[in-house]
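This briefing covers two helix pairs and one loop residue. The sequence and structure come next.

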Amino acid sequence: MESRNNKLFRLIICSEVIIIFIIVSLIINKSSIVINGSNEISNEVLFYNNIDKEISNLYDEYTSNIRKLEDKIMNGESDRRIAYLTFDDGPYKITDDFLKILKDNDVKATFFTIGKPDREEYYKRIVDEGHIIANHTYSHKIKNGVYKSADTFISDVKHQEDFIYNITGYKTTLVRLPGGSSQAGKLKNSIVNLLHENGYNYVDWNCETGDGSDKKMAKQGAFEWYKQTCTDDKKIIVLLMHDYNYSTRDNLDKIIKDLKSRGYILLPLHNKSIMVQ
Ligand SMILES: [Zn+2]
């Protein structure tokens, strides 16, 4: 009787030990999966960080080389010519047409955008299609707006910087002042100093299609303006256009082909460019 009880007791103990063993091994196994899993994730994060670093190093190298070329062109040590196509005040409902013409000609440009919350898809497309997206202030309010004070100006620039970043994930330091830097009047020096202190660079232009001055120009208007202002003596061209203007749109293909035939390399602006001001 006593020995049967002992056997039963031993059996219970044994089975409890087995159950405990199974539970413990399950816990150990599970924690090793978690550890291995987190290792895999941290390796992946490291991998992508390295790629990001490599891309940013390559971009730095590229922009430094372009800057060297610009300096050589300006010093007369190179016969090359560079044209920067720039589009202000968009995106607009016809920005799509501009993107298509640029794509068909395999040309990258620079878009100085303002705040248009209902046209988010265009900001993304500008970036996705390899163009440079830049800052033209959020409000673009020339009268009683951005030029009230240097601080007002910078906060409007920061507003647009955040707006672009939230949509595209791209942080731009390239600024064009609404109406050009001359519009800032007496505030120009303080605005420029504040821009530089905050890590921005600004650029004006040295030729144009005239579409900012004459928005309803006749069909050929944009090409005539371009021909008159983008003259051969300009070895580096920063061409001002607006991606809301129909005449510029209708002549863009012709302008690009004309610039190429005159020996210009067409590039997007970057933060080390010689800033035409
Ligand atoms: Zn503008």
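At what angle do the axes of helix α3 (residues 120-128) and helix α4 (residues 150-168) cross? In this predicted model, the axes of α3 and α4 cross at roughly 75° and come within 9 Å. A second helix pair, α6 and α7, and the loop residue Gln183 are also described below.

**Helices α3 and α4**
- Angles of 65 to 115 degrees count as roughly perpendicular, so α3 is roughly perpendicular to α4.
- On the α3 side, the contact is made by Glu120, Tyr123, Lys124 and Val127.
- The α4 side contributes Ile164, Ile167 and Thr168.
- Sorted by class, the α3 and α4 contact has four nonpolar residues, two charged and one polar.

**Helices α6 and α7**
- Helix α6 (residues 221-229) and helix α7 (residues 246-261) have axes that cross at roughly 55° and come within 7 Å.
- That crossing angle makes α6 oblique to α7.
- Gly221, Ala222, Phe223 and Tyr226 of α6 meet Ser247, Thr248, Asn251, Lys254 and Ile255 of α7 in this contact.
- The residues in the contact of α6 with α7 comprise four nonpolar, four polar and one charged.

**Gln183**
- Gln183 lies in the loop between β4 (174-175) and α5 (188-197).
- Gln183 counts as partly exposed because it has 14 C-beta neighbours inside 10 Å.
- Leaving out residues up to four places away in sequence, Gln183 touches Ile142, Tyr147, Leu177 and Pro178.
- Tyr147 is 36 residues from Gln183 along the chain, and their C-alpha atoms are separated by 8.2 Å.

How values were computed. Residues are numbered from 1 along each chain as its sequence is written. This is a predicted model: local features need pLDDT of at least 70, side-chain atom pairs count only at pLDDT 80 or more; totals for chains, interfaces and linings use all residues. Axes are lines fitted to C-alpha atoms, for helices over the stretch in contact, and angles run from 0 to 180 degrees between N-to-C directions. Helices (H or I, at least four residues) and strands (E, at least two) are DSSP runs, numbered from the N terminus. Angles under 35 degrees count as roughly parallel, over 145 as roughly antiparallel, 65 to 115 as roughly perpendicular and the rest as oblique. Two residues are in contact if their C-beta atoms, placed from the backbone, lie within 7 Å. Ala, Val, Leu, Ile, Met, Phe, Trp, Tyr, Cys and Pro count as nonpolar, Asp, Glu, Lys and Arg as charged, and the others, Gly among them, as polar. A residue is buried if 20 or more other C-beta atoms lie within 10 Å of its own, exposed if 12 or fewer, and partly exposed in between; C-beta atoms are placed from the backbone.
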